[in-house]
Amino acid sequence: MLSATVLAILFVPLFFVLIARYFPIFEHHPEAVDAGVAAIRAGKNIVTDTTMALSGVRKKAIEDFGGRVICYMADPHIGKKAGETGSTRARLAVDAAVTDMDGGIYVVGNAPTALLRLIELIREGKARPALVIGFPVGFVNAAESKAELLHAGVVRAVERARARDHVVQRGLE
(Lines give C-alpha, C1' and ligand atoms only; values in the text may rest on other atoms or scores of the structure.)
Protein backbone atom coordinates (compact mmCIF):
# COMPACT_ATOMS: atom_id res chain seq x y z
CA MET A 1 0.00 0.00 0.00
CA LEU A 2 1.23 3.49 -0.81
CA SER A 3 2.15 5.73 2.09
CA ALA A 4 0.01 8.77 2.84
CA THR A 5 2.98 11.04 2.13
CA VAL A 6 3.47 9.67 -1.36
CA LEU A 7 -0.25 9.79 -2.07
CA ALA A 8 -0.38 13.37 -0.84
CA ILE A 9 2.16 14.52 -3.42
CA LEU A 10 0.44 12.94 -6.38
CA PHE A 11 -1.69 15.20 -8.49
CA VAL A 12 -5.10 14.77 -10.08
CA PRO A 13 -4.10 12.84 -13.25
CA LEU A 14 -2.10 10.27 -11.28
CA PHE A 15 -5.01 9.97 -8.86
CA PHE A 16 -7.10 8.94 -11.87
CA VAL A 17 -4.64 6.12 -12.45
CA LEU A 18 -5.39 4.83 -8.97
CA ILE A 19 -9.15 4.91 -9.44
CA ALA A 20 -8.85 3.45 -12.93
CA ARG A 21 -8.91 0.05 -11.32
CA TYR A 22 -12.51 0.72 -10.36
CA PHE A 23 -13.84 2.87 -13.21
CA PRO A 24 -13.70 1.57 -16.79
CA ILE A 25 -13.19 4.94 -18.52
CA PHE A 26 -9.49 4.95 -17.67
CA GLU A 27 -6.88 2.60 -18.99
CA HIS A 28 -3.46 2.30 -17.47
CA HIS A 29 -0.39 0.17 -17.84
CA PRO A 30 -0.03 -2.34 -14.96
CA GLU A 31 3.13 -0.55 -13.83
CA ALA A 32 1.74 3.01 -14.08
CA VAL A 33 1.27 3.69 -10.37
CA ASP A 34 4.58 2.11 -9.38
CA ALA A 35 6.42 3.95 -12.17
CA GLY A 36 4.94 7.29 -11.13
CA VAL A 37 5.72 6.81 -7.45
CA ALA A 38 9.26 5.57 -8.23
CA ALA A 39 9.92 8.58 -10.46
CA ILE A 40 8.81 10.98 -7.75
CA ARG A 41 10.81 9.20 -5.06
CA ALA A 42 13.88 9.24 -7.33
CA GLY A 43 13.64 13.02 -7.66
CA LYS A 44 12.62 13.01 -11.30
CA ASN A 45 10.69 15.88 -12.85
CA ILE A 46 7.05 16.21 -13.71
CA VAL A 47 6.52 17.99 -17.03
CA THR A 48 3.08 19.24 -18.04
CA ASP A 49 1.66 20.57 -21.28
CA THR A 50 -0.40 23.28 -19.59
CA THR A 51 -0.01 25.77 -16.78
CA MET A 52 -3.35 24.51 -15.46
CA ALA A 53 -1.92 21.02 -14.93
CA LEU A 54 1.24 22.62 -13.54
CA SER A 55 -0.78 24.51 -10.95
CA GLY A 56 -2.41 21.27 -9.77
CA VAL A 57 0.87 19.74 -8.59
CA ARG A 58 2.22 20.32 -5.09
CA LYS A 59 5.55 21.68 -6.24
CA LYS A 60 7.12 21.84 -2.77
CA ALA A 61 6.44 18.14 -2.23
CA ILE A 62 8.06 17.24 -5.55
CA GLU A 63 11.00 19.52 -4.77
CA ASP A 64 11.42 17.79 -1.39
CA PHE A 65 12.16 14.62 -3.35
CA GLY A 66 14.60 16.53 -5.60
CA GLY A 67 12.39 16.97 -8.65
CA ARG A 68 10.86 19.96 -10.34
CA VAL A 69 7.49 20.66 -11.94
CA ILE A 70 7.95 22.18 -15.38
CA CYS A 71 5.79 23.57 -18.16
CA TYR A 72 7.27 25.24 -21.23
CA MET A 73 3.97 26.20 -22.86
CA ALA A 74 4.08 29.81 -21.62
CA ASP A 75 7.83 30.19 -22.10
CA PRO A 76 8.41 33.33 -24.21
CA HIS A 77 11.15 31.58 -26.22
CA ILE A 78 8.69 28.84 -27.18
CA GLY A 79 6.12 31.41 -28.30
CA LYS A 80 8.71 33.30 -30.32
CA LYS A 81 10.00 30.14 -32.00
CA ALA A 82 6.43 29.05 -32.80
CA GLY A 83 5.82 32.38 -34.52
CA GLU A 84 9.06 32.11 -36.49
CA THR A 85 8.70 28.48 -37.55
CA GLY A 86 4.94 28.07 -37.91
CA SER A 87 5.02 25.12 -35.52
CA THR A 88 2.73 24.90 -32.51
CA ARG A 89 3.76 25.92 -29.02
CA ALA A 90 2.60 22.50 -27.78
CA ARG A 91 4.94 20.66 -30.13
CA LEU A 92 7.90 22.93 -29.38
CA ALA A 93 7.29 22.72 -25.63
CA VAL A 94 7.59 18.93 -25.80
CA ASP A 95 10.85 19.27 -27.72
CA ALA A 96 12.18 21.69 -25.10
CA ALA A 97 11.33 19.27 -22.29
CA VAL A 98 13.09 16.16 -23.62
CA THR A 99 15.96 16.20 -21.12
CA ASP A 100 13.73 17.39 -18.27
CA MET A 101 11.33 14.46 -18.68
CA ASP A 102 14.00 11.74 -18.70
CA GLY A 103 12.85 9.12 -16.19
CA GLY A 104 10.09 11.43 -14.99
CA ILE A 105 6.41 11.94 -15.62
CA TYR A 106 4.91 13.75 -18.60
CA VAL A 107 1.32 14.92 -18.20
CA VAL A 108 -0.79 15.89 -21.20
CA GLY A 109 -3.93 17.52 -19.91
CA ASN A 110 -4.92 19.50 -22.95
CA ALA A 111 -2.99 19.42 -26.22
CA PRO A 112 -3.30 16.37 -28.50
CA THR A 113 -0.46 17.90 -30.53
CA ALA A 114 1.81 17.62 -27.47
CA LEU A 115 0.89 13.98 -26.95
CA LEU A 116 1.45 13.08 -30.60
CA ARG A 117 4.85 14.79 -30.58
CA LEU A 118 5.79 13.04 -27.35
CA ILE A 119 4.89 9.67 -28.86
CA GLU A 120 7.06 10.48 -31.92
CA LEU A 121 10.02 11.30 -29.68
CA ILE A 122 9.50 8.14 -27.62
CA ARG A 123 9.40 5.98 -30.73
CA GLU A 124 12.56 7.67 -32.01
CA GLY A 125 14.27 6.94 -28.68
CA LYS A 126 14.74 10.65 -27.97
CA ALA A 127 12.30 10.91 -25.03
CA ARG A 128 12.27 8.48 -22.12
CA PRO A 129 9.66 9.38 -19.53
CA ALA A 130 8.90 6.74 -16.90
CA LEU A 131 5.19 7.49 -17.17
CA VAL A 132 2.99 9.34 -19.63
CA ILE A 133 -0.41 10.52 -18.47
CA GLY A 134 -2.52 11.30 -21.53
CA PHE A 135 -5.75 13.21 -21.02
CA PRO A 136 -5.87 15.46 -24.09
CA VAL A 137 -9.15 17.16 -24.90
CA GLY A 138 -10.95 18.45 -27.95
CA PHE A 139 -12.27 17.21 -31.25
CA VAL A 140 -9.10 17.42 -33.32
CA ASN A 141 -6.69 14.53 -32.70
CA ALA A 142 -7.72 13.92 -29.08
CA ALA A 143 -9.05 10.41 -29.71
CA GLU A 144 -6.28 9.66 -32.19
CA SER A 145 -3.51 10.74 -29.81
CA LYS A 146 -4.94 8.66 -26.97
CA ALA A 147 -5.24 5.65 -29.27
CA GLU A 148 -1.61 6.09 -30.30
CA LEU A 149 -0.57 6.29 -26.66
CA LEU A 150 -2.23 2.94 -25.99
CA HIS A 151 0.18 1.39 -28.52
CA ALA A 152 3.29 3.50 -27.93
CA GLY A 153 5.10 0.89 -25.86
CA VAL A 154 5.37 3.16 -22.84
CA VAL A 155 4.03 3.02 -19.29
CA ARG A 156 0.92 5.17 -19.50
CA ALA A 157 -2.46 6.15 -18.20
CA VAL A 158 -5.10 7.37 -20.60
CA GLU A 159 -8.76 8.33 -20.60
CA ARG A 160 -10.00 5.74 -22.99
CA ALA A 161 -13.64 6.49 -23.81
CA ARG A 162 -12.92 8.01 -27.22
CA ALA A 163 -9.49 6.43 -27.53
CA ARG A 164 -10.96 2.93 -27.35
CA ASP A 165 -13.56 3.82 -30.00
CA HIS A 166 -10.81 5.08 -32.29
CA VAL A 167 -8.68 1.99 -31.72
CA VAL A 168 -11.60 -0.26 -32.63
CA GLN A 169 -12.47 1.84 -35.70
CA ARG A 170 -8.92 1.58 -37.02
CA GLY A 171 -8.75 -2.15 -36.25
CA LEU A 172 -5.76 -1.74 -33.94
CA GLU A 173 -6.95 -4.30 -31.40
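Trainee: What makes a crossing of helices left-handed or right-handed?
Mentor: Look at the near helix and the far one. If the near helix is turned anticlockwise from the far one by less than a right angle, the crossing is left-handed. If it is turned clockwise, the crossing is right-handed.

Trainee: Okay. Which is it for helix 7 and helix 8?
Mentor: Their crossing is right-handed. This is a predicted model, by the way.

Trainee: Which residues make the contact?
Mentor: Helix 7 brings Ala90, Arg91, Val94 and Asp95. Helix 8 brings Thr113, Ala114, Arg117, Leu118, Glu120 and Leu121.

Trainee: How many of those are nonpolar, polar and charged?
Mentor: The contact of helix 7 with helix 8 has 5 nonpolar residues, 1 polar and 4 charged.

Trainee: And the axes: at roughly what angle do they cross?
Mentor: Roughly 40 degrees. The axes of helix 7, residues 89-96, and helix 8, residues 112-123, come within 8 Å.

Trainee: Let's pick one residue there. Is alanine 90 buried or exposed?
Mentor: Alanine 90 is in helix 7. Its relative accessibility is 9%, so it counts as buried.

Trainee: What does alanine 90 touch?
Mentor: Leave out residues up to four places away in sequence. Then alanine 90 touches Met73, Ala111, Thr113 and Ala114.

Trainee: How many residues apart are alanine 90 and alanine 114 in sequence?
Mentor: They are 24 residues apart in sequence. In space, their C-alpha atoms are 5.0 Å apart.

Trainee: New topic. How many salt bridges are in the whole structure?
Mentor: A search finds 8. Try aspartate 95 with arginine 117: their closest N and O atoms are 2.7 Å apart.

Trainee: Where do those two sit?
Mentor: Aspartate 95 is in helix 7 and arginine 117 is in helix 8. They are 22 residues apart, so the pair links distant parts of the chain.

Trainee: Why is arginine 117 called buried?
Mentor: Because its relative accessible area is 12%, and buried means under 20%. Aspartate 95 has 29%, so it is partly exposed.

Trainee: Which residue does glutamate 148 form a salt bridge with?
Mentor: Arginine 123, with the closest N and O atoms 3.0 Å apart. Glutamate 148 is in helix 9 and arginine 123 in helix 8, 25 residues apart. Glutamate 148 counts as buried because its relative accessibility is 18%. Arginine 123 has 47%, so it is partly exposed.

Trainee: Which residues do shared partners join into one network?
Mentor: Salt bridges that share partners join Arg91, Asp95, Arg117 and Glu120.

Trainee: What about glutamate 84 and lysine 80: how many residues apart are they?
Mentor: 4 residues apart, about one turn of the helix. Both lie in helix 6, residues 76-85. They form a salt bridge, with the closest N and O atoms 4.0 Å apart. Both residues are exposed.

Trainee: Why would residues four places apart point the same way?
Mentor: An α-helix has 3.6 residues a turn, so residues three or four places apart point the same way.

Trainee: Back to helix 8. Which of its residues are buried?
Mentor: Pro112, Ala114, Leu115, Arg117, Leu118, Ile119, Leu121 and Ile122. What covers them includes helix 7, strand 4, strand 5 and helix 9.

Trainee: How far should its 12 residues span?
Mentor: At 1.5 Å a residue, they should span 16 Å. The end C-alpha atoms of helix 8 are 17 Å apart, which agrees. Glycine 125 follows helix 8, with a positive phi near 80 degrees.

Trainee: Which glycine comes just after helix 3?
Mentor: Glycine 43, and its phi is positive too, about 80 degrees. Helix 3, residues 32-41, is mostly covered, with 7 of its 10 residues buried. Among them are Val33, Val37 and Ile40.

Trainee: Last one: where is alanine 143?
Mentor: In helix 9, residues 142-150. Alanine 143 has a relative accessible area of 14%, so it is buried. Glutamate 159 is 16 residues from alanine 143 in sequence, and their C-alpha atoms are 9.4 Å apart.

Trainee: And how many helices and strands are in the protein?
Mentor: 10 helices and 6 strands. Buried residues make up 51% of its 173 residues.

Notes: Residues numbered from 1 in each chain as written. Predicted model: local features only at pLDDT ≥ 70, side-chain atom pairs only at ≥ 80, totals over all residues. Heavy atoms only, no water. Buried < 20%, exposed > 50% of the residue type's maximum accessible area, 1.4 Å probe, protein only. Axes fitted to C-alpha atoms, helices over the stretch in contact; angles between N-to-C directions. Contact = heavy atoms within 4.5 Å. Nonpolar A, V, L, I, M, F, W, Y, C, P; charged D, E, K, R; others polar. Salt bridge = Lys/Arg side-chain N within 4 Å of Asp/Glu carboxyl O. Expected span 1.5 Å × (residues − 1).
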